Amino acid sequence: MNYLENGHSLRSWLGSTDHKRIAILYALAISAFFFVGGAAATLIRLELATPAGDLVSHDTYNRLFTAHGVIMVWLFLIPSIPSVLGNFLVPLMIGARDLAFPRLNLLSWYLYIAGGLIILAALFLGGVDTGWTFYTPYSTMFSNSWVAVTLAGVFVTGFSSILTGLNFIVTVHTLRVPGLGWFKLPLFVWALYATSIILVLATPVLAITALLVVAERLWQIGVFDPAHGGDPLLFQHLFWFYSHPAVYIMVLPAMGVVSEIVPCFARQRIFGYRFMAYAILAIASIGFLVWGHHMFVSGQSLAASMVFSLLSFLVAIPSAIKVFNWTATLYKGAIHFDAPMLYALGFVGLFTIGGLTGLILASLSLDVHLTDTYFVVSHFHYIMVGGSVMAYFAGLHFWWPKVTGRMYSDTWARIAAVLIFLGFNFTFFPQYLLGVQGMPRRYHAYPPEFQVLNLFSSAGAVVLALGYLLPLAYLGWSLRAGRAAGANPFAATGLEWTTPSPPPTHNFEHLPQAPDEVYGYDPNASLPEPAE
Amino acid sequence: MSASLPLERHREAVAAARTASLGMWIFLGSELLFFGGLLMAYLYARTHWPQGFGQASARTHVVLGTLNTGLLLTSSALVALAVACQGPTGRGRWVPWLLGAGAALGTAFLAIKGWEYRSEWREGLFPGPGFALKAVAGAELFFVLYFLLTGLHSVHLLVGVALLVAFGRGTRKKRAWAAPRRVEAAALYWHFVDVVWIFLYPLLYLVNRHG
């Protein structure tokens, strides 16, 4: 009996402690939030199609981009790959029956939903206008919007993150199948392990910061108010101490996904496995020390800025190791352009552009010119959308047969991958140019000379939206009419492919055998033909 | 099912023995950063207003604070003894009583803390309108941090007391869920709450009191 057939009642889902069912619960919830956040983005791009602020008022516009940011960061990106793919795959990949704390896992989902509903409630009550960064003193003293309620939601969601991270760390330490040493772990597990450490160590700082802002709003006095001896800059330090590592919470799991897909569709061992694992740890640790690069124009000391700038450049080294190693994995491989591979290659290209523009922003003198312009907006969308979302889709397509037991139409999936890639670049590349020309972010109106590029961007967003809607159709169709996938449709390595699709409730019928080596692909063995 | 299952059960039993305390250690790492954010704010504010903080901390009730420190340290010792009495030592019957005594001392701490809050409220030391030390720059910030830090600590202590009471009852009635590894995890949490106080006590009551 597979896990999907183990009970059909609502209760058998909402009360399940099976990590695979909880992954599905997360998938449904984050998809819903993705489209809510996407709707806000659509309205933003519609407003910006013309220079005049004619579609929504400036006040509504502020609430729109805040809603977009808050929902996409905390309710979509942070939980996307870890809570959906990680939840489903980590126990399978290490040969375990479940996570170390199955009930805690279900609690994480309920906390996530509770936080999400609180944030949505704030949105429907009238929204927040501070931007997702909640900078003080605006958020504590002046904003007439639902700051405290939204932050309460973020606070609750944070505990969901912490418990998920804790669960993954303990699981990887204690539940690996005998013989599966650390350097036989798939890089996806390494990536999730490093991500979990960030979740556990960075999120509590966000929680306490949120608490301080709420206390200050309700109490009228707190540590961020200069009139009472506090310092608004302290907020920025605390906020970015979480929110910069949060970027790596979003992008490390994406790197893990891509590291599974590229070797599979190049039919080659991953190049430099150990370096890939060390690079993950290096990114996770240096990532904790670079938050000050968000504050180059805040008035922090020049000495601090220089150190933060240098450290930010250092993160580029392990990141570049990863990009080069994916590329080297392709070299002399038998490359197959199945849909998951297209998404994964899209990730590599877009992440590289996002990463290189990150170096421009890490340079002190350039950042002073580019800060708070569309260059920054474009940069982080290349990392978060071009990187994380692309990789989430790559993983979704790669493991869809495992999760559902069905194959989707590879042709349609490839069309969607190309649409998303083109639509994304159409939307965001013009924003780099706008940024260099000096268009500031977070305004609902702009001078007419910026209109051509903005129109490009808005038109691209239409293509992008279409690309995101397509998978709903063909993946949905596959559930009804897709052909049975079999245990291992892509002839991939990894323990998750040794069990039937969909996996049985307890994951494995027999205790799985640890493989002799990780990514033991044979370039001469051919890959099965894709569906249609 | 297959022959490998007993082996799998064994492996999971071994793993389970480690998961509870490992999970707690990681949770406490997270808690450390939670308090760390506030301590960072304290560090910043103290370096900016050394005199204001000194004068404000002179108004704290150092006798009550010291008494509470003693209570909490003693409770930690009792809880550590409870963990040591578990398993094949033959002293298992002491476990519920030691846990109960730890919980009682924790409750006494909370009662004294409540009393302390009440007198501070009456002395006008609660931040906001009517704050007694308005003229001293930084003093109000000290008390904001004082109430936030000790308040959050008390919330943690309350959770700890609930845990000790639950495990005290559980071990007395020999419930299966009150397994030694879980008692050990609860004890770790209790020690953490104690350690946080060991930092708060000097930072809030002692540093530069007469400066």
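1. Is helix α13(A) enclosed by the rest of the structure or exposed? Of its 31 residues, 29 are buried, so α13(A) is largely enclosed by the rest of the structure. The model is a predicted one, and what follows should be read with that in mind.

2. On confidence, the predictor assigns the complex an ipTM of 0.92 and a pTM of 0.95. For chain B, the mean pLDDT is 92, with 91% of its residues at 70 or more.

3. Helix α13 of chain A covers residues 374-404. There is a bend of about 45 degrees at F398(A), and a proline, P401(A), follows within four residues. After α13(A) comes G405(A), with a positive phi near 80 degrees.

4. Helix α7 of chain A takes in residues 187-219, which is 33 residues. At 1.5 Å a residue the expected span is 48 Å, and the end C-alpha atoms lie 47 Å apart, so the two values agree. The helix has a bend all the same: about 30 degrees at A202(A), with the proline P204(A) following within four residues. Most of α7(A) is covered, 29 of the 33 residues being buried. The residue that follows α7(A) is Q220(A), and its phi is positive, near 70 degrees.

5. The contact between the chains draws on 32 residues from chain A and 35 residues from chain B. On the side of chain A that touches chain B, the elements giving two or more residues are α6 (147-174), α7 and α8 (232-266). The largest share there, 9 residues, is that of α7(A). By class, this side of chain A has 21 nonpolar, 9 polar and 2 charged residues.

6. The loop between α4 (102-125) and α5 (138-142) of chain A holds P137(A). The peptide bond leading from T136(A) to P137(A) is cis, with omega near 0 degrees. F134(A) is also found in the loop between α4 and α5. Its phi is positive, near 50 degrees, though F134(A) is a residue other than glycine. F134(A) counts as buried because 22 C-beta neighbours lie inside 10 Å, the cut-off being 20 or more.

7. The segment after α15 (451-481) of chain A contains P502(A). The bond from S501(A) to P502(A) is a cis peptide, with omega near -15 degrees. N507(A) is placed in the segment after α15 as well. N507(A) is not a glycine, yet has a positive phi of about 75 degrees. With 20 C-beta neighbours inside 10 Å, N507(A) counts as buried.

Key. Residues numbered from 1 in each chain as written. Chains lettered and ligands numbered in written order. Predicted model: local features only at pLDDT ≥ 70, side-chain atom pairs only at ≥ 80, totals over all residues. Expected span 1.5 Å × (residues − 1). Bend = angle between axes of the 7 residues up to and from the residue. Buried ≥ 20, exposed ≤ 12 C-beta atoms within 10 Å, placed from the backbone. pLDDT = per-residue confidence, 0-100. Contact = placed C-beta atoms within 7 Å. Nonpolar A, V, L, I, M, F, W, Y, C, P; charged D, E, K, R; others polar.
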